[in-house]
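Biologist: I'd like to go through this one with you, one question at a time. Could you pull it up for us?

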Amino acid sequence: MAGHLVEEEGLLSPDALTDLQVIDSIFGEMTCDGSPGRWTSAALTRDAGWNQARALARQVLAREGMDVSRLSDIRVVR
């Protein structure tokens, strides 16, 4: 999907694609490891994979011109 947004739609810069692919890889690894604990609300704040994905996502948003200083803290909505 990210490739489509970059290459066909032009909605994201090509520089964003590498980071988005890394984020996808992180989530793929988290899914394949089979540990349901990585998908809990507690893991959102403690798990290294989530922390890395968030850092990369902020990097992409900043590169795309978004004001990342206004991003809120993590909140779980049920």
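Modeller: One definition to start: the expected span of a helix is 1.5 Å times one less than its number of residues. Keep in mind that this is a predicted model.

Biologist: Okay, so what is the overall make-up, and in what order do the elements run from the N terminus on?

Modeller: The protein chain has 4 helices and 0 strands. Going from the N terminus, the order is therefore just helices, α-α-α-α.

Biologist: And what share of the 78 residues in the protein chain is buried?

Modeller: To count as buried, a residue has to sit under 20% relative accessible area. Of the 78 residues in the protein chain, the share that does is 21%.

Biologist: What about contacts with a separation of 6 or more: how many of those are between residues 24 or more positions apart?

Modeller: Take the contacts in the protein chain with a separation of 6 or more as the pool. Pairs 24 or more positions apart make up a share of 40%.

Biologist: Now helix α2. How far does α2 reach from its first C-alpha to its last?

Modeller: α2 covers residues 14-32, which is 19 residues. At 1.5 Å a residue you'd expect 27 Å. The model comes close to that, with a reach of 28 Å.

Biologist: Which residue that follows α2 has a positive phi?

Modeller: Look just past the helix for a phi near 75 degrees. The residue with that positive value is G34.

Biologist: Is P14 buried or exposed?

Modeller: P14 belongs to helix α2. Its C-alpha is 8.6 Å from that of G3, 11 residues away along the chain. The cut-off for exposed is over 50%, and P14 has 62% relative accessibility, so P14 is exposed.

Biologist: Then which residues of α2 are buried?

Modeller: An α-helix has 3.6 residues a turn, so residues three or four places apart point the same way. With that in mind, here is the buried set of α2: A16, L17, D19, I23, I26 and M30.

Biologist: How do the axes of α2 and α4 cross, and is the pair roughly parallel or roughly antiparallel?

Modeller: The axes of α2 and helix α4 (residues 48-63) come within 10 Å and cross at roughly 165 degrees. Since angles over 145 count as roughly antiparallel, that makes α2 and α4 roughly antiparallel. The handedness of the crossing is left-handed.

Biologist: Which residues meet there, and what classes are in the contact of α2 with α4?

Modeller: On the α2 side, D15, A16, D19, L20, V22, I23, I26, F27 and M30 take part. They meet G49, W50, Q52, A53, L56, A57, Q59, V60 and R63 of α4. By class, the α2 contact with α4 comes to 12 nonpolar, 3 polar and 3 charged residues.

Biologist: On α4, is A48 buried or exposed?

Modeller: A48 sits in helix α4. Its C-alpha is 9.5 Å from that of R38, 10 residues off in sequence. With 60% relative accessibility, A48 is exposed.

Biologist: Which residues does N51 touch, leaving out those up to four places away in sequence?

Modeller: N51 is in helix α4. At 33% relative accessibility, N51 is partly exposed. Beyond its sequence neighbours, N51 touches L44, T45 and R46.

Biologist: Last one: how far apart are the C-alpha atoms of A55 and I23?

Modeller: A55 lies in helix α4 and is partly exposed, at 45% relative accessible area. Along the chain, A55 and I23 are 32 residues apart. In space, their C-alpha atoms are separated by 9.6 Å.

Notes: Residues are numbered from 1 along each chain as its sequence is written. This is a predicted model: local features need pLDDT of at least 70, side-chain atom pairs count only at pLDDT 80 or more; totals for chains, interfaces and linings use all residues. Side-chain values use heavy atoms; hydrogens and water are left out. Helices (H or I, at least four residues) and strands (E, at least two) are DSSP runs, numbered from the N terminus. Buried means under 20% relative accessible area, exposed over 50%, partly exposed in between (1.4 Å probe, protein chains only). Axes are lines fitted to C-alpha atoms, for helices over the stretch in contact, and angles run from 0 to 180 degrees between N-to-C directions. Angles under 35 degrees count as roughly parallel, over 145 as roughly antiparallel, 65 to 115 as roughly perpendicular and the rest as oblique. A crossing is left-handed if the near helix is turned anticlockwise from the far one by less than a right angle, and right-handed if clockwise. Contact means heavy atoms within 4.5 Å. Ala, Val, Leu, Ile, Met, Phe, Trp, Tyr, Cys and Pro count as nonpolar, Asp, Glu, Lys and Arg as charged, and the others, Gly among them, as polar.
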